[in-house]
Protein chains: 2
Amino acid sequence: MNTKHAASFPSLRQSNLVEQVADVLTEAIIARRLEPGERLSEVQLARDMGVSRAPVREAARLLESRGLLVSRPRRGFFVRELDSDDLADVFDLRLCLERHAFQLLAARFTPEMHDALHRQVEIMCDVAKEGDDGRKIEEDLRFHRLVFEFAGNRRLLKAFDDLSHELRLCMALIGRTHADPDSIVTSHWALVEALASGEADNCRAAVDYHIGVARDYVIQGIAPPPSG
Amino acid sequence: MNTKHAASFPSLRQSNLVEQVADVLTEAIIARRLEPGERLSEVQLARDMGVSRAPVREAARLLESRGLLVSRPRRGFFVRELDSDDLADVFDLRLCLERHAFQLLAARFTPEMHDALHRQVEIMCDVAKEGDDGRKIEEDLRFHRLVFEFAGNRRLLKAFDDLSHELRLCMALIGRTHADPDSIVTSHWALVEALASGEADNCRAAVDYHIGVARDYVIQGIAPPPSG
DNA sequence: GTTCTTCAAACTGTCGACAGTCGGCGCTCG
DNA sequence: CGAGCGCCGACTGTCGACAGTTTGAAGAAC
């Protein structure tokens, strides 16, 4: 992308500039209007967004900690590039975290949690019918985030939140995405059922299958099996 | 090779103020010269360190992402407070990550890795004899970091690095620390032996025991069993 | 004596500016 | 014709300053 993306960034003029800049940058990276490996100029971004360099710098640092940017000293920030090894690593860590979250959650599952996850699956189904890929990814991540919330370990939730930004990048990276409404429902409903069974082994098997499918889907970057 | 001498010249970078400020702040927090919950004034810190507010802000943001500070909008930064629930969460996540790292590593363990871990245990033993608590903690963390390095998943390593800052805080929180040289050696040697066996079950049991002991040690904050 | 109001001090969020540094381009030299 | 050197532009790292906000307390009202 060349440097004339002034039109791409809606003008922003309220407090929380850092967060707004971070959101705009994140969206631009996910939408691939900023190409992987592309160098970001602080002054240019500041000009384009109509703010000074300070909020841009802080937002960039934030995105660096989230793994969306990498910084090289004295050279500035670059859009993170993900190779296939990175994808494998991300999904391997995700598997590690989700196994644990599901194990924790299975031991403290309540009807209220069951209802909440049920509602979320319905939302995902509705969104899938609309066909907005971005929202599909968001609602999918929201389902899994709910699991981590309910699991009860705040530090584990934070680890997932950290990883989720890279996950979002991975999912968006394959361009068009995500399965039909039916497979999304069945895929996630299986997870809820495993939780409801209270059996740790059921949960682990369901999670391994679910994450494995998502990983293969992203890594192959083609086929249209169930969702992630 | 244009990079032939790179290794010969140890980090000559004097410049990076942000990193220096971050190091000073980190050390002060770990050493509890800054009390948990204490508010940090940017201007005051900048004055005390003889720099401007910009590097202080960036360093503070860095430490926030590491979980050593928390920021409240328009109120500034506060030293992170850890309650017993936080400790439990941290060690639960650590258990999750280390289980996975050991499982990965057991499947790719080489004699070179064995030697490296062996050497590290010897270093830890020497340091333990000296009695410097800070260095004991550092070398202990270095052992576990080696395991994550060898495990081969860079994203998993990053997750451990993120967590390690809070771990350091937890360990320093209990003030005096860490067992005698003998128990440190036997405790970590058991981990290496489990890795060498190549049996995933051995590894998991060894890790569960090792991390469990460390967790109980920190949470109780008193007893002098083996190390973490 | 207690509570609400008001006010000043301090602080954060943001900005524009300056200096040192890095990468690229042309020039010189072999 | 290729390689090394030095200059130029652009950019990052850092700084001091300004404005709006929060804090804490002094003072007024009850």
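**Strands, salt bridges and surface in chains A and B**

Trainee: In what sense do E1(B) and E3(B) pair, and over how many bridges?

Mentor: In this model, which is a predicted one, E1(B) and E3(B) run antiparallel to each other and are paired over 2 bridges. One residue pair from that contact can be named, since B:Leu40 has B:Phe77 in E3(B) as its bridge partner.

Trainee: And what order do the 3 strands of the open sheet in chain B take?

Mentor: The order is E1-E3-E2, with antiparallel pairing throughout this open sheet of chain B. The edges are taken by strand E1 (39-40) and by E2 of chain B, each of which pairs on one side only.

Trainee: Where is the place of B:Arg75?

Mentor: B:Arg75 is found in the loop of chain B that lies between strand E2 (69-72) and strand E3 (76-79). With a relative accessibility of 35%, B:Arg75 is classed as partly exposed. If you want a distance to the first strand's residue B:Leu40, the C-alpha atoms of B:Arg75 and B:Leu40 are 9.5 Å apart, although 35 residues separate the two along the chain.

Trainee: Over to chain A, then: how many helices and strands does it have?

Mentor: Chain A contains 9 helices and 3 strands, and read from the N terminus its elements follow the pattern α-β-α-α-β-β-α-α-α-α-α-α. Of the 228 residues in chain A, 53% are buried.

Trainee: How do the 3 strands of chain A form their open sheet?

Mentor: They are arranged as E1-E3-E2 in chain A, and the pairing is antiparallel. Strand E1 (39-40) and E2 of chain A are the edge strands, each pairing on one side only. Between E1(A) and E3(A) there are 2 bridges in the antiparallel sense, and A:Arg39 stands opposite A:Phe78 in E3(A).

Trainee: How many bridges join strand E2 to strand E3 of chain A?

Mentor: There are 4 bridges between strand E2 (residues 69-72) and strand E3 (residues 76-79) of chain A, and these two strands run antiparallel. A:Arg72 faces A:Gly76 in E3(A). In the hairpin that E2(A) and E3(A) make, 3 residues sit between the strands, and A:Arg74 there adopts a positive phi near 70°.

Trainee: Changing topic to charges: how many salt bridges does the structure hold over all chains?

Mentor: The total over all chains is 44. As a general point, side chains of opposite charge can pair when their charged atoms come close.

Trainee: What do the side chains of A:Arg168 and A:Glu138 do?

Mentor: They form a salt bridge with an N to O distance of 2.7 Å. This pair links distant parts of the chain, with A:Arg168 in helix H7 (residues 154-173) and A:Glu138 in helix H6 (residues 133-151) of chain A, the two being 30 residues apart. A:Arg168 counts as buried because its relative accessibility is 17%, under the 20% cut-off, whereas A:Glu138, at 31%, counts as partly exposed.

Trainee: How far apart along helix H6 of chain B are B:Arg135 and B:Glu139?

Mentor: They are 4 residues apart in helix H6 (residues 133-151) of chain B, so about one helical turn separates them. Their side chains meet in a salt bridge, at 3.4 Å from N to O. B:Arg135 is partly exposed, at a relative accessible area of 36%, while B:Glu139 is buried, at 7% relative accessibility.

Trainee: With which residue does B:Glu27 form a salt bridge?

Mentor: The partner is B:Arg33, and the closest N and O atoms of the two are 2.9 Å apart. B:Glu27 has a relative accessible area of 43% and is partly exposed, whereas B:Arg33 reaches 53% and is exposed.

Trainee: Which residues are linked in a network of salt bridges?

Mentor: The network links residues from two chains: A:Arg80, A:Asp83, A:Asp86, A:Asp89 and A:Glu166 on one side, together with B:Arg154 and B:Arg155 on the other.

Trainee: Last topic, the surface: which residues form a negative surface patch?

Mentor: That patch consists of A:Glu122, A:Asp126, A:Glu130 and A:Asp132. A:Glu130 belongs to helix H5 (residues 111-130) of chain A.

Trainee: Is A:Glu130 buried or exposed?

Mentor: A:Glu130 is exposed, because its relative accessible area is 58% and the class begins over 50%.

Terms used:
Residues numbered from 1 in each chain as written. Chains lettered and ligands numbered in written order. Predicted model: local features only at pLDDT ≥ 70, side-chain atom pairs only at ≥ 80, totals over all residues. Heavy atoms only, no water. Patch = residues over 30% accessible without salt bridge, like charges linked within 9 Å, V, L, I, M, F, W, Y side chains within 5 Å. Areas by Shrake-Rupley, 256 points an atom, 1.4 Å probe, with all protein chains shown as cover. Salt bridge = Lys/Arg side-chain N within 4 Å of Asp/Glu carboxyl O. Lys, Arg positive; Asp, Glu negative; His and termini not counted. Charge placed at Lys NZ, Arg CZ, Asp CG, Glu CD. Buried < 20%, exposed > 50% of the residue type's maximum accessible area, 1.4 Å probe, protein only. Pairing = 2+ DSSP bridges.
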